[in-house]
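This note is offered to a colleague who is meeting the structure for the first time. Please keep the sequence and the model at hand while reading the points that follow.

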Amino acid sequence: MKIYTYNNPFNLTREPYWDEIRKVPHFCVSQTLVQGLNRNYGRHAFNYITTADQIINALYPEWYKSVEMKIEQYVSISRQIEMMGSSNLAKSFKFNQQRIIDALRFSITLNLDANNFDTSKLPVEQTAFLAMLNTVKDEPCWKFDDDSQSYTERLEAAVQDIFISEMEETLSQITTEYNLEITKTDKLTDRIYACLETLDKKTEVSSSDETAKRYKRVLEHFTALAISKPKAIDKVVFHAIHQFTPKILSAVKRLEKSGIEVIFLLNYQKRYSHVYDTWKSVYEWTGLEFPEGKSENDYEDYRLIGECIGNLLEGRRSGDVDLESTVIAYQNRTQFADHVASRFADAVERSRGIHMALSNMDEQFYGVQSDEVNELLRFYFPEQFGDRQFLSYPIGQFILSLYQMWDEHDGLIVNDTLIRECLSVNIWSFHGATTPISVYEKLRGYITDLSEIGLIIERLEYLKTCIHQIKSKEINPIYNEFPFFNLSEYDVGYFIEILSDIKSIADELFSKSQGNTVDFRAHFQKLIGMIGMKMAGSKHITQAEISLVKEVQLRLSRLQTSRPIVGSIDDLKQTIHYYLQNETNDSGSHWIVRNFEQIDGGVLLSRYTHAKTYHFALLSDRNMKQANDEFFPWPITADLLESQENISQDSKTILMAYKEYRNFLRYSVFYGTYFLDSRKQIQFSFVEESDADKAIPYYILTLLGLVTKLPESKREGAGQTVPTESPKLKDEALDELIAQIGQAEQEIFVSCPYRFMLNFVLEESACFSESFDSRRLYSLLLFSETWQHNIGLPVAEISGKLAEENARLSPFFPFWKTVDFVDMVNTAYYYLAYKGMIKQGRLQEYQPDYVCRKMAFKDSRKAITQPMAYSPDGLKSYLRFTQTKEPVHPPVGEAESLCESCNQRNVCMRKYLLEE
């Protein structure tokens with residue numbers, strides 16, 4: 001084992017040890033460092049280069065990549081938790097089951113001995129965890145290392161596999177960038193030669209095509225490596241490893257044990273020894289002397305602000321200097337993420353593909369503990385964070401929702417949110433413009449009291465009968481305002497077929513399991529087979545979804561195991577994502593805001609990026625001083641590791657890395673600002689909102705005297721839209737439409753032209769969609785039916801007639817309870833007896849226009865007759881020149897009342913426009 005240091009990250013090839021290490025495999029702390037080394041020195045400077053994470057995944061594929069092992073581990077822990085009974089601790093372990101699994105993997109990888117702990121001072125959850133570790137450690141699915149193959153052979157095979165993947169990825173980039181048609185069925189070397197021929201022509205035509213030249217050098221290097229006989233690997237180089245985890249440490253120890261020399265390569269500046277002391281601390285476990293290198297600095301382009309930060313940390317004065325950098329105070333993470341998203345979106349527009357956008361950003365971001373911000377950005381740009389996962393597509397959401405709705409005792413229990421996901425997938429046939437989700441939106445109120453899918457189907461069959469009866473016998477227009485009666489019998493039948501399909505899929509998947517156990521692999525093979533058949537008959541499914549289903553089918557067919565995985569349906573539901581996740585490219589840049597472990601690679605790339613600004617973000621004093629909360633999975637803590645009776649050296653190494661995290665962050669700020677390309681601007685920022693306390697900037701930034709400012713509220717030109725000319729209708733079509741307008745439509749137009757546009761021009765059959773609207777409509781229906789069939793009825797007899805009408809109408813509405821009908825009957829009685837309906841003690845003449853007005857506007861104060869200033873020319877003018885946008889000004893009349901009674905209030909943006 002050796003430690004080599006270098007003074008200048010841009011002159012690594014000039015170091016005296018370079019010839020010793022240049023041909024051996026290089027493993028870097030991050031993908032950004034891989035990219036930076038390749039870009040600065042050229043890919044030809046290294047035979048094999050990849051990330052430490054990739055090579056370790058390839059060395060231990062079962063432990064880190066095997067789907068079936070992860071599921072077996074989940075089932076194993078489910079059994080352990082079940083044996084704990086129904087205690088609060090068992091419930092806590094069940095709730096945190098994935099974290100428990102991560103903690104067990106952490107412990108086994110670190111080779112912790114559960115019997116080597118003083119449990120007398122440990123909390124109950126840690127004692128229970130250690131007992132669980134002791135129980136499961138000998139199970140086959142918890143075996144970490146496989147000694148059946150020589151470790152050297154495993155390493156050589158892993159390096160070659162990663163090298164082949166790198167060649168494939170490079171060829172894919174070239175064929176995409178230059179629109180080459182090269183099939184993957186061709187041999188790899190043939191495809192390389194074909195690409196080289198194209199690149200030769202490109203460089204002949206344009207000698208300034210630097211990209212083509214770079215690709216050509218890379219492929220020539222790949223060709224030389226591919227045709228040469230691989231040499232036995234006797235040493236490897238690890239670049240910039242500071243945060244030693246059990247994953248990295250166990251691999252390093254195993255390499256050394258197998259006779260493969262491990263060389264650690266690190267930057268070191270003797271002039272800033274205090275800053276670099278953190279590296280000495282985390283490498284104490286090696287027992288090696290830490291080489292400090294030259295005392296003088298041969299890097300002359302260092303940044304003044306970096307020097308000032310270094311001097312502060314060393315206790316030296318920098319004199320009077322004028323620093324241009326500032327500190328931006330963002331109110332919260334969302335505000336910062338919005339700024340990042342706008343910069344990334346600009347880069348996407350300028351790039352030939354989203355994979356090029358990160359390097360094309362005008363502003364590059366590095367953040368302390370940036371995972372939370374990247375999670376926010378994932379919603380903006382899912383493609384940037386790796387291949388879109390199968391389960392994030394509509395077909396994947398359908399599968400997840402189906403599993404979440406299944407109950408072992410009651411079958412498929414419909415949940416409003418989950419059934420929407422099932423209905424949104426494009427495996428169902430459409431009829432006309434009707435979609436499953438649009439039908440569901442109208443009839444969901446009719447089944448709101450039911451959850452078991454069989455009962456829902458029975459209720460909908462009854463709805464078909466009611467619709468038939470209403471359409472054939474009832475003429476009251478109020479019926480059509482109920483969303484469920486606004487449907488046709490065919491619409492309801494169409495929806496019943498879809499629900500029956502969903503039920504049959506669930507029954508086929510779940511009800512035939514053996515008791516409470518399921519064979520996971522066979523189950524998921526059946527699931528994907530069924531989904532594949534459904535997708536095959538759909539014209540609306542995307543090609544991406546079809547490809548992903550085929551990928552999952554192929555992977556399932558390749559999975560072979562001597563141990564069938566059998567578990568409960570609950571475990572099956574929790575582990576579905578393991579089987580249905582698609583394989584992602586580990587070498588991709590799955591982030592927008594890089595973390596601080598990527599700063600060294602960012603420094604090397606800074607000379608070649610389009611960025612004008614490098615933004616070091618989330619630099620609050622608390623962020624920079626707190627421990628890395630993600631380092632230990634619950635319930636493991638630093639205190640737990642320290643409670644070992646004979647603490648192992650590996651545990652000491654892990655603890656040292658954990659404790660030195662804050663010093664590593666401090667070092668990273670120095671390194672990034674000291675070595676960054678001098679042409680780039682440096683920006684700092686922090687987020688003020690932090691729990692209950694208000695955060696402050698990192699103290700170093702305050703000591704430097706940097707000005708703190710608020711972010712710009714809006715960039716110049718942002719939010720401006722180019723006006724577009726509105727479509728115009730022909731006069732003949734307008735005249736035909738206006739001739740069909742009745743009094744009810746005229747009144748709505750006078751009250752709000754935009755509502756008229758939505759109700760009668762853009763939609764075929766608008767109605768009131770909310771449940772409280774249905775209650776109001778039922779009272780109006782009772783009111784209307786009783787009034788028009790009982791003109792001249794004495795007031796004393798109104799109550800009896802209302803009860804008769806309610807008895808006749810209520811069977812059409814089986815979802816309401818008796819108390820609901822009592823309330824609605826009372827409302828109808830109030831309309832009839834106290835609202836001017838009575839003349840000389842009897843019901844007066846029926847006024848259908850008044851009933852329609854009452855239904856449309858929900859305004860009980862309106863008189864039975866009302867003058868209306870309707871103008872056909874005004875309507876024609878509106879339709880001819882309308883831009884179909886929400887009204888900025890309140891509609892004519894009593895605006896608040898009119899908007900409350902509007903059936904389009906859920907889509908109207910008027911109140912938001914008024915706020916602006």
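**Notes on a predicted model**

1. The strands β4 and β5 (residues 261-267) run parallel and are joined by 5 bridges. Both belong to a predicted model. Within this pairing, Lys 235 stands opposite Glu 261 of β5. Together with helix α12 (residues 246-257), β4 and β5 form a β-α-β unit that is right-handed.

2. Strand β4 also pairs with β2 (residues 26-28), in the parallel sense and over 3 bridges. Here Cys 28 has His 239 in β4 as its bridge partner. In general, strands of a sheet pair through backbone hydrogen bonds, in either a parallel or an antiparallel manner.

3. How many of the residues of β4 are buried? The strand covers residues 235-239, and 5 of its 5 residues are buried. Lys 235, Val 237 and His 239 point one way, whereas Val 236 and Phe 238 point the other way. The residues on either side are all buried, and these include Lys 235, the residue opposite Glu 261.

4. A further open sheet deserves attention. It has 6 strands in the order β12-β7-β13-β14-β6-β17, with parallel pairing. Its edge strands are β12 (593-595) and β17 (708-709), each of which pairs on one side only. Strand β17 pairs with β6 (residues 327-330) in the parallel sense over 2 bridges, and Thr 708 in β17 is the bridge partner of Val 327.

5. Glu 660 merits a separate remark. Glu 660 lies in the loop between α29 (649-659) and α30 (661-675). Glu 660 is buried yet has no salt bridge. The nearest side chain of opposite charge is that of Arg 666, 6.7 Å away; a salt bridge would require the charged atoms to be within 4 Å. Leaving aside residues up to four places away in sequence, Glu 660 touches His 242, Thr 278, Ser 281 and Val 282.

6. Where is confidence lowest, and where is it highest? The protein chain averages a pLDDT of 82, and 79% of the residues score at least 70. Confidence is lowest in helix α41 (residues 910-915), with a mean of 58, and highest in β2, at 97. Over residues 715-726 the pLDDT is below 50, and this stretch has 5 contacts in the model beyond near neighbours in sequence.

7. Residues 860-865 likewise call for caution: their pLDDT stays under 50, while the model gives them 17 contacts beyond four places in sequence. Where pLDDT is low, predicted coordinates should not be read in detail.

Methods: Residues numbered from 1 in each chain as written. Predicted model: local features only at pLDDT ≥ 70, side-chain atom pairs only at ≥ 80, totals over all residues. Heavy atoms only, no water. Pairing = 2+ DSSP bridges. Helix = DSSP H or I, 4+ residues; strand = E, 2+ residues; numbered from the N terminus. Buried < 20%, exposed > 50% of the residue type's maximum accessible area, 1.4 Å probe, protein only. Lys, Arg positive; Asp, Glu negative; His and termini not counted. Contact = heavy atoms within 4.5 Å. Right-handed = clockwise from strand over helix to strand, strands pointing away. pLDDT = per-residue confidence, 0-100.
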